[in-house]
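Visitor: Please take me slowly through one part of this protein, and then show me how the parts around it are arranged. I am new to reading structures, so I would be glad of careful explanations.

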Amino acid sequence: MRKMIVIYWICTGLVALLMGVGSIPNLLSSADSLALFQQLGYPAYLLPFLGTAKLLGVIAIILPGFPKIKEWAYAGLTFDLAGATYSFLAIGKPNESIFMILGFLAIAGSYVTYHKIRKAKMA
């Protein structure tokens, strides 16, 4: 059980780091984020929304309790990452999307171990 908890926090920490750090330029509508969104063909007003959603998702998976909210947060973070991956592939930049594999693995590891720990506690 202890090993599972360590794996959970490593994966969850990676998710929090990747998505949390990624949310800051979005929240601030930084020049780099605006340029990237323009290149992808997305409107600039979407940046603060996505930044807020990512930050709330990170908070939801870190805080204890609230299992239903955690489910939605994991789903939202996965959809965000899937959308980003698809966007890079659609504009012909597969190298940027390769980095997303780390994000998917971290989310999957956090999600799976969260449920294993939760199931063990209920037993």
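Guide: A residue counts as buried when its relative accessible area is under 20%, as exposed when that area is over 50%, and as partly exposed in between. Phe 66 has a relative accessibility of 52%, and therefore it counts as exposed. Please keep in mind that what you see is a predicted model. Phe 66 belongs to the loop between H3 and H4, and its phi is positive, at about 55°, although the residue is not a glycine.

To place this loop, it helps to look at the whole chain. The protein has 6 helices and 0 strands, so that reading from the N terminus on gives the order α-α-α-α-α-α. The C-alpha trace spans about 50 × 25 × 20 Å along its principal axes, and of the 123 residues 30% count as buried. Among contacts between residues at least 6 apart in sequence, 63% join residues at least 24 apart.

Another loop, the one between H1 and H2, holds Ser 29. The phi of Ser 29 is near 50°, again a positive value in a residue other than glycine, but Ser 29, with 27% relative accessibility, counts as partly exposed.

Following the chain from there brings us to helix H2, residues 31–40, where Ser 33, Phe 37 and Leu 40 are buried. Seen down the axis of H2, these buried residues fall within an arc of 60°, so they line one face of the helix. What do they pack against? The buried residues of H2 pack against helix H1 (2–28), helix H3 (46–62) and H4. The face turned away from this buried side carries the exposed residues Ala 31, Asp 32 and Gln 38. Just after H2 comes Gly 41, which takes a positive phi of about 85°.

Back in helix H1 we find Ser 23, which is buried, with a relative accessible area of 0%. Leaving aside residues up to four places away in sequence, Ser 23 touches Gly 51, Lys 54 and Leu 55.

On the other side of the loop that holds Phe 66, helix H4 covers residues 67–90, and it packs with helix H6, residues 100–122, at an angle of about 165°, their axes lying 10 Å apart. Helices at an angle over 145 degrees count as roughly antiparallel, and H4 and H6 are therefore roughly antiparallel to each other. Their crossing is left-handed. Among the residues that make this contact are Pro 67, Tyr 74, Leu 81 and Phe 88 of H4, together with Phe 104, Ile 107, Tyr 111 and Arg 118 of H6. Sorted by class, the contact of H4 with H6 has 12 nonpolar, 5 polar and 3 charged residues.

H6 also packs with H1, here at an angle of about 140° and with the axes 8 Å apart; these two helices are therefore oblique to each other. H1, too, passes H6 in a left-handed crossing. The residues in contact include Tyr 8, Cys 11 and Val 15 of H1, and Ala 106, Ile 107 and Thr 113 of H6. By class, this contact of H1 with H6 has 13 nonpolar, 5 polar and 1 charged residues.

Technical notes. Residues are numbered from 1 along each chain as its sequence is written. This is a predicted model: local features need pLDDT of at least 70, side-chain atom pairs count only at pLDDT 80 or more; totals for chains, interfaces and linings use all residues. Side-chain values use heavy atoms; hydrogens and water are left out. Axes are lines fitted to C-alpha atoms, for helices over the stretch in contact, and angles run from 0 to 180 degrees between N-to-C directions. Helices (H or I, at least four residues) and strands (E, at least two) are DSSP runs, numbered from the N terminus. Angles under 35 degrees count as roughly parallel, over 145 as roughly antiparallel, 65 to 115 as roughly perpendicular and the rest as oblique. A crossing is left-handed if the near helix is turned anticlockwise from the far one by less than a right angle, and right-handed if clockwise. Contact means heavy atoms within 4.5 Å. Ala, Val, Leu, Ile, Met, Phe, Trp, Tyr, Cys and Pro count as nonpolar, Asp, Glu, Lys and Arg as charged, and the others, Gly among them, as polar. Buried means under 20% relative accessible area, exposed over 50%, partly exposed in between (1.4 Å probe, protein chains only). The arc is that of the directions from the helix axis to the C-beta atoms.
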